[in-house]
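Work through the exercises below with the structure open. Try each task before reading its solution.

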Amino acid sequence: DAAIRIDGLTKTYAGGKQALKGIDLTVPAGSVFGLLGPNGAGKSTLINILAGLVIKTSGKVDIWGWDQDRNPRQSRASIGVMPQELNLDPFFTPRDALEVQAGLYGVPKAQRRSDEILEMVGLTDKAGAYARTLSGGMRRRLLLAKALVHSPQVLVLDEPTAGVDIELRQMLWQNVRRLNKDRGMTIILTTHYLEEAEEMCDEIAIINHGQKVAQDSTVNLLGRL
Ligand code: ADP
Ligand code: ADP
């Protein structure tokens, strides 16, 4: 079954830049799926469309079987996104940020698991610290935590390890593996590190100039490169 199904997806930004030129993409449920491609290929645009942050120009996007246009609430509830930008409200603590996020997604109080999530990403010690005092690494941990508060079926990570130190990279990889293996969460990540894709992903799609140029199992694809 498909976690994500994309048909004929295009995006032209105001100003005329064609960032996506007709992408067809199916992400198998339960997989760790890599989106690879050089800078400017359209990876972030694609992910921001999945996240509902960028409005597509045309095409069809299904998330966990929910059409993004016809069932926007259900499709949004099915996905969590860890963005690339480290934007956080400077005067929110991690605990506040998770509460607000849970509220935005309508997670009932009794089902909120802020402490467990903070523990998982290694932020327990910083649970009460203002975001403005957190390092880049701590902010990334918090962004991952925020993406998980509504227990999405699909987790998307945009360049999670770009410019990240070894310790944080390992924490991220370990979390990704655990969420995938223990909870069956489908994971989509973008990266331009080939070795990271090889290590982490079951299947890979390569995007270039707004088009998909290849998609296959990691073994087949990287065997061929
Ligand atoms: P839009 O409202 O068209 O989606 P934004 O408000 O994000 O775009 O940006 C306005 C303009 O700034 C764009 O039309 C573009 O020219 C420029 N711009 C913003 N972000 C980028 C980017 N990442 N790469 C190139 N140009 C950008
Ligand atoms: P990637 O994530 O693969 O580096 P992006 O999706 O960020 O690629 O960008 C794809 C293309 O769209 C690039 O040419 C980029 O400059 C352009 N772009 C991205 N965001 C905007 C925007 N808001 N306005 C105009 N152009 C943009």
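**Exercise 1. Place Thr10 and decide: is Thr10 buried or exposed?**

Step 1. Thr10 sits in strand β1. Helices (H or I, at least four residues) and strands (E, at least two) are DSSP runs, numbered from the N terminus.

Step 2. Thr10 counts as buried because its relative accessibility is 18%. Buried means under 20% relative accessible area, exposed over 50%, partly exposed in between (1.4 Å probe, protein chains only).

Step 3. The side chain of Thr10 makes a polar contact of 2.7 Å with the side chain of Ser58. A polar contact is a pair of N or O atoms within 3.5 Å; within protein, one must be able to donate a hydrogen and the other to accept it, and residues adjacent in sequence count only if both atoms are side-chain atoms.

A note on the source: this is a predicted model, where local features need pLDDT of at least 70, side-chain atom pairs count only at pLDDT 80 or more, and totals for chains, interfaces and linings use all residues. Residues are numbered from 1 along each chain as its sequence is written, chains are lettered from A and ligands numbered from 1 in the order in which they are written, and side-chain values use heavy atoms, with hydrogens and water left out.

**Exercise 2. Find the order of the strands in the open sheet of 4 strands.**

Step 1. Strand β1 (residues 2-12) runs antiparallel to β2, and 8 bridges join them. Two strands pair if DSSP finds at least two bridges between them. Lys11 stands opposite Leu20 in β2.

Step 2. Strand β4 (residues 58-63) is also antiparallel to β1, with 5 bridges. Here Asp7 has Lys60 as its bridge partner.

Step 3. β4 pairs with β5 over 2 bridges, again antiparallel. Asp62 faces Asp67 in β5. The two strands form a hairpin with 2 residues between them, and Trp64 in the turn has a positive phi of about 55°.

Step 4. The order is therefore β2-β1-β4-β5. The edge strands are β2 (18-28) and β5 (66-67), each pairing on one side only.

**Exercise 3. Which residues surround ligand 2?**

Step 1. List the shell: Tyr13, Lys17, Ala19, Pro38, Asn39, Gly40, Ala41, Gly42, Lys43, Ser44 and Thr45. Each has a heavy atom within 4 Å of the ligand.

Step 2. Find the biggest contributor. Helix α1 (residues 43-50) gives the most, with 3 residues.

Step 3. Check the backbone. Oxygen atoms of ligand 2 lie 2.7 Å from a polar backbone atom of Gly40 and 3.1 Å from one of Ala41. A backbone N or O atom of Ser44 is 2.8 Å from a ligand oxygen.

Step 4. Weigh the cover. Alone, ligand 2 exposes 560 Å², and the protein buries 62% of that. Accessible areas come from the Shrake-Rupley method with a 1.4 Å probe; for residues, only the protein chains shown count as cover.

**Exercise 4. Compare the settings of Glu159 and His209.**

Step 1. Read the phi values. Glu159 has a positive phi near 45°, and His209 has one of about 50°. Neither Glu159 nor His209 is a glycine.

Step 2. Locate them. Glu159 is in the loop between β7 (154-158) and α6. His209 is in the loop between β9 (203-208) and β10 (211-217).

Step 3. Judge exposure. Glu159 is buried, at 5% relative accessible area. His209 is exposed, at 57%.
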